[in-house]
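Colleague: Please take one part of this model and look at it closely, then work outward from there. I would like a single connected account, with the reasoning spelled out where there is any.

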Amino acid sequence: MFDNTHFPRAKKFWHKGKLHDWSQPSIHVMSHALHYGTSVFEGIRVYNTPKGPAVFRLPEHIERLFHSASTLFMEVPYSKEEIIEAIKLVIKENKLESAYIRPLLFYSYGNLGLLPKYSPVELIIGAWEWGAYLGDDPKKGVYVYIVPWRRVHHSQLEMTAKLGGVYVQSAICGQLARSKGFDEAIFLNLEGNIAEGPGENIFIVKDGVVKTNDKTESVLEGITRESLLEIAVGLGYETSIGAITREDLFKADEAFFSGTAVEVPPIVRVIDGSIPREGKREYTIGSGKVGEITTKLATAYKDSVSGKVKQYEKWLTSVYD
Ligand SMILES: Cc1ncc(COP(=O)(O)O)c(C=O)c1O
C-alpha cells in the first residue's frame, strides 16, 4: 500500500510491541496526534563502526523523549530499557548498518476532543538509510534564509521538548526557504537574536572561539550541539555559550549548523529576510568558503560517531551487544 521510495531499506516498523510490514498502516485515521500534533519524537542515528552498527548517544535521546512526553502529560507505556531494546530490534530486523531512527510517542485513537482523555499513548519506531539531509556537497556549504517568522518563544511553550505540533513551524519555514532557492531557514527569536534552524542548532566561530546559544534563546539544546562543544574543548578550542545577534552571525569568521539529521554542515551565505519592510540583505560568512575550524569539528564529529575516537566511544551503544 505504501512504498518506501523515500525510506531506503525500510522493511519493518515497530508498533505496540510488534513488527509490521512497512507498507501496512497500523493506525486509525482519527488518531488524536494526526489532527492536533499531539506527539513527541526523537531523531537518532546509527553509524557503522569497527564494532558493527552503533547508536549515537542513545540514552540521551531516550531521556529527551521522556522529557518531551512529560511536557505533553503522556504516560509512556514502556520503560526506557524496553524502548532501547525495541530500537535495536528495528535496526536488526531491517538489517541496517547506518540509519536514521524515528521513535514517536503519540496520542492514538480514542476521542477527538482537544484533550486526549480516551486516546492511549502509543509508540512507533521506524528506521531507514538516510544520507546527507542538507547540501549534497559538504565542501560547498549551505545558503540560508532568515525567515520573517520568529521561533516559538520559551515563554510560550517548553522549547526543550520535541513536540510534534511545534514542527509545523519548522515545516512551513523550511519550505519557505526552499521556495526561494535557499538550502535552509534560520529563525530569529522574539528578542531578535539568532535562534536555530527548523531542525538544527547554530554555531559561529569568531577569533578562534566556538560559540552557540542555549535554551534561554528559545532553542532545543541539541545532542549534537553538546557533543560538538565537548569535541571543540577536546581539540583545544575556546567555547562560549550566549546570545548570538544577527550582527554576530554576519560578521562571524565561520558558521555551521548542528543536528542529528544534518550533522555539521557549514553555512557560507546568509540572506536576511527577517524584516520584510527592510528588504533582503545578503551576507557572506568569512571568506565564503568552508572554514578551517568547521572542517576540523565536522571531521572529528564524523570520526567520533563512527567509533574511530577512543575518547568518545562512550557515546556509542552497540546494536548487537
Ligand atoms: C528544532 C531543533 N533544533 C535543534 C536540533 C538538533 O538536535 P540534535 O542535535 O539533538 O539532533 C533539532 C533536531 O532534533 C531540532 O529539531
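Modeller: Helices and strands are named here as DSSP runs, with at least four residues for a helix (H or I) and at least two for a strand (E), and they are numbered from the N terminus. The model is a predicted one. With those names, the starting point can be placed: glycine 165 sits in the loop that lies between β8 and α4.

Is glycine 165 buried, exposed or partly exposed? A residue counts as buried with 20 or more other C-beta atoms within 10 Å, and as exposed with 12 or fewer. Glycine 165 has 15 C-beta neighbours inside 10 Å, so it is classed as partly exposed. Apart from neighbours within four places in sequence, its contacts are Tyr36, Gly37 and Thr38. Proline 266 gives a comparison with another part of the chain: it is 101 residues from glycine 165 in sequence, and the C-alpha atoms of the two are 28 Å apart.

Next comes the sheet to which β8 belongs. In this open sheet, four strands follow the order β9-β8-β14-β15, and their pairing is mixed. The edge positions belong to β9 (184–188) and β15 (281–284); each has a single partner strand, so one side of each has no neighbour in the sheet. On average, neighbouring strands of this sheet are turned by 30 degrees against each other, with direction ignored. Helix α4 (residues 167–179) packs on the sheet and touches β8 (142–150) and β9, and its direction is at about 125 degrees to that of β9. At the other edge, β14 (residues 267–272) and β15 run antiparallel and are joined by four bridges. One of the paired positions links isoleucine 271 with glutamate 282 in β15.

The domain assignment gives a wider frame. It divides the chain into domain 1 (12–128) and domain 2 (142–305), and the C-alpha centres of these two domains lie 27 Å apart. Where they touch, domain 1 contributes 22 residues and domain 2 contributes 13 residues. On the side of domain 1 that touches domain 2, at least two residues come from each of α1 (32–36), β3 (39–41), β4 (44–49) and α2 (58–71). The largest share of that side is supplied by α2, with six residues. Sorted by class, the side of domain 1 that touches domain 2 holds nine nonpolar, eight polar and five charged residues.

Just before α2 there is a backbone detail to note. Arginine 57 lies in the loop between β5 (52–56) and α2. Most residues other than glycine have a negative phi. Arginine 57 is not a glycine, yet its phi is positive, at about 50 degrees. Arginine 57 has 22 other C-beta atoms within 10 Å, so it is buried.

Further along the chain is a second sheet. It too is open, with four strands in the order β12-β11-β10-β13 and mixed pairing. Which strands stand at its edges? They are β12 (238–241) and β13, each with a single partner strand, so each has one side without a neighbour in the sheet. The twist from one strand to the next averages 25 degrees.

The partner of β13 is β10 (residues 201–206), and the two pair in the antiparallel sense over five bridges. Within this pair, asparagine 201 stands opposite serine 258, and valine 205 stands opposite glutamate 254. Although β13 is an edge strand, it is mostly covered: five of the five residues in β13 (residues 254–258) are buried. Glu254, Phe256 and Ser258 point to one side, while Ala255 and Phe257 point to the other. Helix α7 (residues 292–305) lies across β10, β11 (209–212) and β13, and it runs at about 25 degrees to β13.

The last item is the ligand. Fourteen residues are not listed in full here, but of the 14 around the ligand, those that come nearest are Gly222, Ile223, Thr224, Gly259 and Thr260. Helix α5 (residues 223–234) gives the most to this shell, with three residues. By class, the shell has three nonpolar, eight polar and three charged residues.

How values were computed. Residues are numbered from 1 along each chain as its sequence is written. This is a predicted model: local features need pLDDT of at least 70, side-chain atom pairs count only at pLDDT 80 or more; totals for chains, interfaces and linings use all residues. Two strands pair if DSSP finds at least two bridges between them. Axes are lines fitted to C-alpha atoms, for helices over the stretch in contact, and angles run from 0 to 180 degrees between N-to-C directions. Two residues are in contact if their C-beta atoms, placed from the backbone, lie within 7 Å. Domain bounds come from an automatic or database domain assignment. Ala, Val, Leu, Ile, Met, Phe, Trp, Tyr, Cys and Pro count as nonpolar, Asp, Glu, Lys and Arg as charged, and the others, Gly among them, as polar. A residue is near a molecule or strand if its C-beta atom, placed from the backbone, lies within 6 Å of it.
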